[in-house]
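Work through the exercises below with the sequence and the model open. Each task is followed by a solution in steps.

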Amino acid sequence: MTTPGVVEVRDFPRPVPEPNQVLVEMRYASICGSDVHIVFDGFHDPALLGRPGYPGHEGVGIVVRSEDSRVEVGRPVLTVPHGQRGGCFAEFQAVDASHVITLNEGADLRRMLLAQQLGTTLFGMKKFLPADTPVERMPRTAAIIGAGSSGLFYLQHLIARGLEVTIADLNKDRLAVAERLGAARTVLEPVESIAETVLDTTGGVGADLVIEAAGYDLARAAAVEAARVRGTIGFFGYPESTGNSPFPVERSFRKSLTMEWVNGTQSEGGLLSFRAAVEAIENGTIEVDHCLETMFDLEDTPAALDAARDHGLGAAKVGIVMPGSRN
């Protein structure tokens with residue numbers, strides 16, 4: 001990222017890992033919504049302009065040099081650096097050993113790539129619907145705004161917990177995946193309205209739990225309208241812009257809503273949510289293959305970021321294939 005909004009593919013010296021770091025030859029990376037905001041919407045760190053691989057923070061690869069005794073050379077790893085410090089969009093990445101998760105030998109790295117995004121949604125579920133929620137307080141109906149990778153992961157989490165889920169998106173292809181995964185109903189915005197649909201199907205009550213996974217101010221406002229009185233809203237989507245944003249405070253106040261915001265999965269002790277995501281992919285409890293259908297070569301990363309900015313062109317996720325994946 002040379003300047004705001006501009007990403008170029010260049011040759012750089014191979015990074016040298018510092019103490020307690022490892023050097024990872026990357027195999028695959030994927031684009032997070034936060035990457036799009038960093039590149040195009042002013043969320044970047046000016047000091048990191050020109051740094052190779054920035055801002056990518058979802059990646060998998062093989063350790064080729066280790067300056068930390070806990071991680072051995074040759075080990076496949078999931079890399080989960082902080083979003084503002086990522087370097088996954090490059091052939092090689094030096095990353096703190098505390099932000100890699102070792103994978104089993106022979107692991108399908110292409111599929112394991114999704115453990116980063118999946119881990120963030122598992123972290124969110126701990127806030128939105130904790131595992132120890134008493135039966136008498138369990139929600140029965142839920143709505144999800146956004147059917148990208150995170151929204152579709154939340155859909156699977158909620159169905160597994162026994163909820164009836166309505167999900168909305170701007171793209172019919174994403175909604176077709178949601179329907180296949182078990183959504184009770186899908187809503188194609190803006191032709192239809194998630195708030196109106198939820199109210200119609202709940203007799204005007206609203207959903208017990210609404211998860212906003214789109215990252216737009218309009219989506220957050222729609223979440224408030226779709227939630228029932230004293231319901232819960234989980235805000236997962238990234239801020240649309242820096243600074244203050246419009247928000248329906250009065251409506252939220254009148255409904256006495258509980259709101260949870262998700263940030264900081266990379267700071268969780270033991271990186272437990274990412275480890276749980278690896279296990280979920282290994283045992284097949286969460287489907288991820290629908291997130292691997294749109295992949296660009298590293299040389300085409302600028303086009304990949306443009307596609308991600310354009311709602312994935314209908315894909316749930318946009319990924320990047322590294323030259324090392326052909327080894």
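**Exercise 1. Peptide bonds and backbone angles**

Task: Locate Pro190 and state the geometry of the peptide bond that precedes this residue.

Solution. Pro190 is found in the loop between β8 and α6 (194–201). Note that the model is predicted. The bond from Glu189 to Pro190 has omega near -5 degrees and is cis.

Task: Find which bond joins Tyr54 and Pro55, and where Pro55 lies.

Solution. Tyr54 and Pro55 are joined by a cis peptide bond, with omega about 10 degrees. Pro55 belongs to the loop between α1 (33–40) and β2 (59–66).

Task: Give the phi of Asn20 and the place of this residue in the chain.

Solution. Asn20 is not a glycine, yet its phi is positive, about 70 degrees. The residue sits in the segment before β1 (21–30). For reference, most residues other than glycine have a negative phi, and most peptide bonds are trans.

**Exercise 2. The six-stranded sheet**

Task: Write down the strand order of the open sheet formed by six strands, and identify its edges.

Solution. Step one: the order is β8-β7-β6-β9-β10-β11, with parallel pairing. Step two: β8 (185–188) and β11 (258–261) each pair on one side only, which makes them the edge strands. Step three: neighbouring strands of this sheet are turned against each other by 15 degrees on average, direction ignored.

Task: Describe the contact between β7 and β8, and the helix that lies across them.

Solution. β7 (residues 164–169) pairs with β8 in the parallel sense over four bridges. Thr166 has Arg185, in β8, as its bridge partner. Helix α5 (residues 172–181) lies across both β7 and β8 and runs at about 175 degrees to β8.

**Exercise 3. An aromatic pair**

Task: Classify the ring pair of Tyr154 and Phe236 as stacked, tilted or edge-to-face.

Solution. The model has five aromatic pairs. For Tyr154 and Phe236 the ring centres are 5.3 Å apart and the planes stand at 80 degrees, so the pair is edge-to-face; the cut-off for this class is over 60 degrees. Distant parts of the chain are linked by the pair: Tyr154 is in helix α4 (residues 149–160), while Phe236 is in the loop between β10 (227–235) and α8 (249–255), 82 residues apart.

**Exercise 4. The second largest pocket**

Task: Give the volume of the second largest pocket and analyse its lining.

Solution. Step one: the space in this pocket is about 830 Å³. Step two: 35 residues line the pocket, and Pro52, Gly53, Phe89, Ala90 and Phe92 lie nearest its centre. Step three: β4 (92–96) and α10 (301–309) each supply at least two lining residues; β4 gives the largest share, five residues. Step four: by class, the lining has 17 nonpolar, nine polar and nine charged residues.

Note on methods:
Residues are numbered from 1 along each chain as its sequence is written. This is a predicted model: local features need pLDDT of at least 70, side-chain atom pairs count only at pLDDT 80 or more; totals for chains, interfaces and linings use all residues. Side-chain values use heavy atoms; hydrogens and water are left out. On a 1 Å grid over the protein atoms alone, a cavity is a set of points where a 1.4 Å probe fits but cannot get out, and a pocket is an open set with protein on both sides within 12 Å along at least five of seven lines; lining residues have an atom within 4 Å of a point. Grid points are joined across faces, edges and corners, and a volume is the space filled by probe spheres set on the points. Ala, Val, Leu, Ile, Met, Phe, Trp, Tyr, Cys and Pro count as nonpolar, Asp, Glu, Lys and Arg as charged, and the others, Gly among them, as polar. Two strands pair if DSSP finds at least two bridges between them. Axes are lines fitted to C-alpha atoms, for helices over the stretch in contact, and angles run from 0 to 180 degrees between N-to-C directions. Contact means heavy atoms within 4.5 Å. Rings of Phe, Tyr and Trp (its six-membered ring) pair if their centres lie within 6.5 Å; planes under 30 degrees apart count as stacked, over 60 as edge-to-face and the rest as tilted.
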